[in-house]
Amino acid sequence: MKKLILVILVLTFNFQLSTMNCAGADDKVVIKKAKSAMAIDGKLEDWKGYEAIKLNAPEQSTNPDKDPKDFSSVCYVAWDKDNLYFAADVTDDLVSCEDITTSDFQHCDYYRFYLDMGNNRNEGSGNMDDDDFEFVFTPSGPDKKPMVREVSKAFGGEGHGLDLSKVKVAAGLALPDKKGWILEAAIPWSMIGTTPKEGTAFGIKFITGDTDQEGQREDEYIWGDMSGSYWQDPTKFGSAILGQ
Ligand SMILES: [Ca+2]
Ligand SMILES: [Ca+2]
Ligand SMILES: [Ca+2]
Ligand SMILES: [Ca+2]
């Protein structure tokens, strides 16, 4: 009897492990509609009631031994007729955002927010196409202001030449009760060639990286599939749908 229970336990554990390992392709997020425009002010009060998307589990990190006090986060998305909103709530023991040389701020603290507005990842190309966007946000920079770049069409690529002054971005730093940073952004739908409505579906991905004292990116947390060239491959994106 004991042996049978043991076998069942082992089988159950293995099943859970295999379910976790292939979770990537099934990653979905239903994006809630904002009742009124989000205030892009580096404060997260307006995000109460929105689903926290977690980038904080050891199996989501390129360094499974990462101390959550060193770095861990959740992020949020919302929409209205004008904007796609993004926010991140990050625990981090040191903010380091000095690298402006690398096109995608590789050696900064950053959040990367990927969109495949054509929702065509199943066509199987490992390269970003014209309707794929990679926005990179940092909570600070050499002038102490948050930074944003758009480096789509492959890793560190040329981007779409967007007028990024139209992306509203704000950051909050080191709240009194914890070490970390907050990012908030509003991306106009007009910028990414989409007229939104309930049911609009597209590909999505979130990646966040930690840089500390050394000024070199230490590791990343990845939402969804983290196999292969996950940082530039739309076939590794999850699915988003605009909800109510
Ligand atoms: Ca806010
Ligand atoms: Ca850190
Ligand atoms: Ca695409
Ligand atoms: Ca850091």
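Here is a walk through the structure above, from its overall layout to a few single residues. What you have is a predicted model, where local features need pLDDT of at least 70, side-chain atom pairs count only at pLDDT 80 or more, and totals for chains, interfaces and linings use all residues. Residues are numbered from 1 along each chain as its sequence is written, while chains are lettered from A and ligands numbered from 1 in the order in which they are written.

Let's start with the big picture. The protein has one helix and 12 strands; helices (H or I, at least four residues) and strands (E, at least two) are DSSP runs, numbered from the N terminus. Reading from the N terminus, the helix comes before the strands. Of the 244 residues, 40% are buried. Here, buried means that 20 or more other C-beta atoms lie within 10 Å of a residue's own, exposed means 12 or fewer, and partly exposed is in between, with C-beta atoms placed from the backbone. Among contacts (C-beta atoms, placed from the backbone, within 7 Å) with a separation of 6 or more, 65% link residues 24 or more positions apart.

Now head for strand β9, residues 180–188, where eight of the nine residues are buried. Strand β4 (residues 83–92) pairs with β9 in the antiparallel sense over nine bridges, pairing being at least two DSSP bridges between two strands. One of the bridge partners there is Ala185, which sits opposite Phe86. Strand β8 (residues 168–173) also runs antiparallel to β9, joined by six bridges, and Leu173 has Trp181 as its partner in β9.

Ala185 turns up again in the largest nonpolar core, which has 54 residues; Tyr85, Phe137, Leu183 and Ala185 have the most contacts inside it. A nonpolar core is a set of buried Ala, Val, Leu, Ile, Met, Phe, Trp, Tyr and Cys residues joined through C-beta atoms within 7 Å. Beyond four places in sequence, Phe137 is in contact with residues including Tyr110, Pro146, Leu183 and Ala185.

Next, take Ile53, in strand β2 (residues 53–55). Ile53 counts as partly exposed because it has 18 C-beta neighbours inside 10 Å. Val74 is 21 residues away in sequence, yet its C-alpha is 5.3 Å from that of Ile53. Ile53 also touches Val29, Phe206 and Trp223, among others.

Finally, Gln244 lies in the segment after β12 (238–242). Gln244 is exposed because just 7 other C-beta atoms lie within 10 Å. Leaving out neighbours within four places in sequence, Gln244 contacts Lys33 and Glu198.

Methods:
Two residues are in contact if their C-beta atoms, placed from the backbone, lie within 7 Å.
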